Each structure stands twice: as C-alpha cells, then as structure tokens.
Amino acid sequence: MLVPEVAAGAAGELDDLRAACRAAVAHLDTADVLIVVGADATTIRREPPFGGTLAPWGIDRRVGEPAEDPLPLSLLIGAWLLEDGYNRNIRYHSIAADAAPADCEALGRSLRHIGTNAALLVLGDGSACHGEKAPGYDDPRAEGFDAAVADALAKGDTTALRDLDPALAADLLAVGRAPWQVLAGAVDTPFGTTELLHHSAPYGVGYFVASWR
C-alpha cells in the first residue's frame with residue numbers, strides 16, 4: 001500500500017507515511033555503501049540484477065532491473081524507495097522471517113565489516129493484528145508489542161530489539177522482527193540522533209519509520 005499505484009483510490013490516506021519514508025531515506029545519501037535488509041523465506045545475499053514487479057499485488061509496476069530471481073516484497077519496497085536519485089553501491093540481503101534471534105544478530109555483525117561509511121535500510125512490518133479487519137484479525141497483544149517496537153526505534157534501543165520474542169512476533173504476523181534484530185546486531189556504537197518519524201496502523205498493520213544517524 002506504500003506504492004501509490006497499488007493503493008489506487010486509498011493512496012492519499014498514506015501520504016504522511018510516504019513522506020516519513022522519504023525523509024528517512026534522504027539521510028542515507030552520504031553513505032558509500034547501502035545495505036537493504038528485509039524478511040523473506042530464506043536468509044541469502046541477493047545477487048544482481050536487482051528488481052521485480054508488483055504484479056502479484058495487483059499492478060504490473062516494475063521496480064529496478066528485470067531479474068530472473070526477483071526481489072521479495074520487503075526488498076522490492078526498499079528498491080522502490082531508492083528509485084529517485086540513489087545511485088551508489090547498493091546491496092540486498094534477505095533474512096528468514098523465522099530466523100532465530102542469534103542468527104539475525106550474527107548477520108548484523110557480519111554487515112559491520114562492509115565499510116566504514118555504510119548505511120542500512122531495514123524493511124519490516126509490525127503486527128498485522130490491529131482490529132477485526134486486520135489481515136490477522138484482532139489480537140489484544142498487538143498494541144503492546146508495536147508500542148515496545150516504536151519505543152525501541154525511537155530511542156535506538158538495540159537491547160529491546162534483540163529481546164523481541166520470535167514466537168509472539170509470529171503470532172502477531174510481525175515480519176519485521178527478524179530484520180530489526182539484524183539491525184540490532186549491526187549496531188556497535190550509539191547513534192547521535194534517533195528519531196521515530198512515523199507510527200500508525202492503517203488497515204490493521206503496524207507501520208514504523210525511524211532514522212538513526
């Protein structure tokens with residue numbers, strides 16, 4: 001729903017969310033290397049060409065380059081966010097949505113060695129259980145889970161991200177859990193500025209936009 005062509009008549013409802021995403025991405029433009037991390041079925045470093053289509057989600061909107069092995073949705077949205085003007089060295093990593101926290105942290109630690117001026121763009125949803133019309137129906141635990149994630153992202157609290165419960169996240173369809181724990185593993189020094197730019201649950205799914213720099 002972030003992509004206006006997919007959202008169609010509902011696109012205007014997410015303008016604030018898109019603006020926050022653009023603001024977060026703008027902070028990445030000084031990096032020499034950008035690593036995009038998102039959840040998928042398996043953990044793998046993606047190989048070029050990078051791209052795909054949003055046809056499975058209703059419209060044949062091409063993103064990036066034609067590819068025999070298209071990017072999964074999380075990374076495809078990352079590629080879409082980077083379409084306007086980001087032409088530096090970009091790498092894409094999938095993390096299995098059900099990966100153990102230790103494996104997520106290990107991938108994050110491995111990313112520390114890519115370069116001294118590297119940045120991360122981490123993609124992942126919060127709970128999809130906010131209300132009876134949500135994809136995962138209503139779960140009273142969703143509000144507390146997403147509030148804890150929002151607080152951790154606002155404060156740059158990597159310990160809180162590492163401590164997210166995989167079983168609870170799975171129950172709540174919060175596929176961002178594994179990518180957030182990769183982020184926690186990748187961070188070895190505190191950030192000067194951490195901001196939560198957006199937090200909402202349109203259509204019953206938790207969305208967060210944060211910037212650490």
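The exercises below examine burial, core packing and strand pairing in a predicted model.

Residues are numbered from 1 along each chain as its sequence is written, and side-chain values use heavy atoms, with hydrogens and water left out. Because the model is predicted, local features need pLDDT of at least 70 and side-chain atom pairs count only at pLDDT 80 or more, whereas totals for chains, interfaces and linings use all residues.

**Exercise 1.** Determine whether Leu-111 is buried or exposed, and state which residues it contacts beyond its sequence neighbours.

*Solution.*
- Step 1: Leu-111 belongs to helix α4, residues 101-111. Helices (H or I, at least four residues) and strands (E, at least two) are DSSP runs, numbered from the N terminus.
- Step 2: The relative accessible area of Leu-111 is 6%. Buried means under 20% relative accessible area, exposed over 50%, and partly exposed in between (1.4 Å probe, protein chains only). Leu-111 is therefore buried.
- Step 3: Contact means heavy atoms within 4.5 Å. With neighbours within four places in sequence set aside, Leu-111 contacts Ile-35, Val-37, His-93, Leu-120 and Val-182. Val-182 lies 71 residues away along the chain, with 9.0 Å between the two C-alpha atoms.

**Exercise 2.** Classify Thr-116 as buried or exposed.

*Solution.*
- Step 1: Thr-116 is located in the loop between α4 and β6.
- Step 2: Its relative accessibility is 90%, so Thr-116 counts as exposed.

**Exercise 3.** Identify the element that gives the most residues to the largest nonpolar core.

*Solution.*
- Step 1: A nonpolar core is a set of buried Ala, Val, Leu, Ile, Met, Phe, Trp, Tyr and Cys residues joined through side-chain atoms within 4.5 Å.
- Step 2: The largest such core has 32 residues, and Val-36, Leu-82, Tyr-92 and Leu-121 have the most contacts inside it.
- Step 3: Two or more residues come from each of α2, β1, α3, β5, β6 and β8. Helix α3 gives the most, with six residues.
- Step 4: Helix α3 spans residues 73-81, and eight of its nine residues are buried, so the helix is largely enclosed by the rest of the structure.

**Exercise 4.** Describe how β7 and β8 are arranged.

*Solution.*
- Step 1: Two strands pair if DSSP finds at least two bridges between them. Strand β7 (residues 194-200) and β8 pair in the antiparallel sense over six bridges.
- Step 2: Within this pairing, Leu-196 stands opposite Ala-210 in β8.
- Step 3: The two strands form a hairpin with six residues between them, and Tyr-203 in the turn has a positive phi of about 60°.
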